[in-house]
Amino acid sequence: MEKVLTGFHAIEERVIHAAKSPDGTKGLRILYSAPGPRVKKIVAQAQRVGIICTLVASAELDARTKNLPSSVRDHRGIVLLISRTSGQQGNVTAFDEWILTQQDSSARATVLVLDSVTDPYNVGAIIRSADQFGASLVVMPEARSVRNVAQNEVVARASAGASAWVPLAVVPNLVRAVASLKEVGFWIYGADACGTPVPNVDFAEKTVIVLGSEGNGIAKLLAAQCDMLISIPTRGTVDSLNVSVAAGVLLYARNVR
């Protein structure tokens with residue numbers, strides 16, 4: 001059984017990432033049809049790094065993508081097939097090992113913690129912002145999250161390929177994970193409508209930003225771990241920003257301080 005990935009950006013980034021990883025191209029292959037300029041470019045990149053590329057009829061690509069979510073079914077003439085034994089799981093990081101790298105470090109770092117963010121489009125968009133603003137890690141729970149996030153086609157496409165680059169850790173318990181981050185010197189900021197307006201916040205060198213679901217916000221036990229609650233001043237009539245938009249605004253605010 002193979003995972004099917006669509007989207008020019010997502011495929012390009014997986015090809016680039018595979019080329020930089022040991023055995024990264026193992027279990028990868030590309031199928032393409034009637035190549036236009038963008039498809040030709042991707043195929044050339046893939047062939048240079050040793051990925052097998054096969055010209056097929058468009059009907060075969062239709063058949064390969066027919067069971068994907070409707071939003072990622074449009075293959076635009078190219079798909080990347082990822083074997084389940086390829087090791088291509090996105091940029092998954094073992095949380096406990098990552099924490100060890102922070103024990104004696106005072107270097108600037110930003111971690112995003114996503115609590116009950118279950119929409120794969122939002123998760124993909126958040127990962128894209130994490131990439132653009134240089135976040136060090138995105139942490140998600142095993143439950144109340146996007147299932148198989150590292151292999152999720154919608155997340156990969158919504159992130160425009162950034163999911164191949166941004167380190168992602170999936171943990172059994174967010175409260176314990178945040179407690180571990182505090183132990184190695186991180187200051188924890190929870191996004192909450194009643195928090196301190198973000199223009200008045202001086203972010204720590206080692207910063208964690210916790211984002212909750214749009215409906216329920218951050219869980220109480222997790223909010224209790226936060227050192228400070230912060231908010232984004234708005235003037236609209238609806239209750240709140242989309243969580244992926246909020247993530248981008250907070251990451252930008254953290255970057256300019």
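Let us start at N255, which sits in helix α9, the run of residues 243-255. The model is predicted, and this residue is a handy place from which to begin exploring it. With a relative accessible area of 37%, N255 is partly exposed. Setting aside the neighbours within four places in sequence, N255 has contacts with R108 and F133. Another residue to look for here is A135: 120 residues separate it from N255 along the chain, yet the two C-alpha atoms are 9.5 Å apart.

From N255, follow α9 to its helix partner. Helix α5, residues 120-132, has an axis that comes within 8 Å of the axis of α9, and the two cross at roughly 10 degrees. Angles under 35 degrees count as roughly parallel, so α5 and α9 fall into that class. Their crossing is right-handed. If you would like to display the side of each helix involved, select N122, A125, I126, S129 and A130 in α5, which meet V243, S244, A247, G248 and L251 in α9. Sorted by class, this contact of α5 with α9 comprises six nonpolar and four polar residues, with no charged ones.

A second helix pair is formed by α4, residues 95-102, and α7, residues 174-183, whose axes come within 10 Å and cross at roughly 15 degrees. That angle makes α4 roughly parallel to α7. Here too the handedness can be stated: α4 and α7 make a right-handed crossing. On the α4 side the contact is made by F95, W98 and I99, and on the α7 side by A177, S180 and L181. Five of the residues in the contact of α4 with α7 are nonpolar and one is polar, while none is charged.

Now turn to the pair α1 and α2. Helix α1 covers residues 8-19 and helix α2 covers residues 37-48; they pack at an angle of about 15 degrees, and their axes are 10 Å apart. These two helices are therefore roughly parallel to each other. The crossing of α1 past α2 is left-handed. In α1, the residues F8, H9, I11, E12 and V15 meet a set in α2 made up of R38, V39, K41, I42, Q45 and A46. This time charge enters the picture, for the contact of α1 with α2 has three charged residues alongside six nonpolar and two polar ones.

Two loop residues deserve a look at their backbone. R76 lies in the loop between α3 (58-65) and β4 (78-83). Its phi is near 55 degrees, a positive value in a residue other than glycine. R76 is partly exposed, with a relative accessible area of 46%. S116 is found in the loop that runs between β5 (109-114) and α5, and phi of S116 is near 60 degrees, again positive in a residue other than glycine.

Finally, what about the cysteines? The structure holds zero disulfides. For C226, the closest cysteine sulfur is that of C194, and at 14 Å from the sulfur of C226 it is too far for a bond. A pair counts as a disulfide when the cysteine sulfur atoms are within 2.5 Å. C226 is buried, its relative accessible area being 13%. C53 likewise counts as buried, at 15% relative accessibility, because the cut-off for buried is under 20%.

Methods
Residues numbered from 1 in each chain as written. Predicted model: local features only at pLDDT ≥ 70, side-chain atom pairs only at ≥ 80, totals over all residues. Heavy atoms only, no water. Buried < 20%, exposed > 50% of the residue type's maximum accessible area, 1.4 Å probe, protein only. Axes fitted to C-alpha atoms, helices over the stretch in contact; angles between N-to-C directions. Helix = DSSP H or I, 4+ residues; strand = E, 2+ residues; numbered from the N terminus. Parallel < 35°, antiparallel > 145°, perpendicular 65-115°, else oblique. Left-handed = near helix turned anticlockwise from the far one by under 90°. Contact = heavy atoms within 4.5 Å. Nonpolar A, V, L, I, M, F, W, Y, C, P; charged D, E, K, R; others polar.
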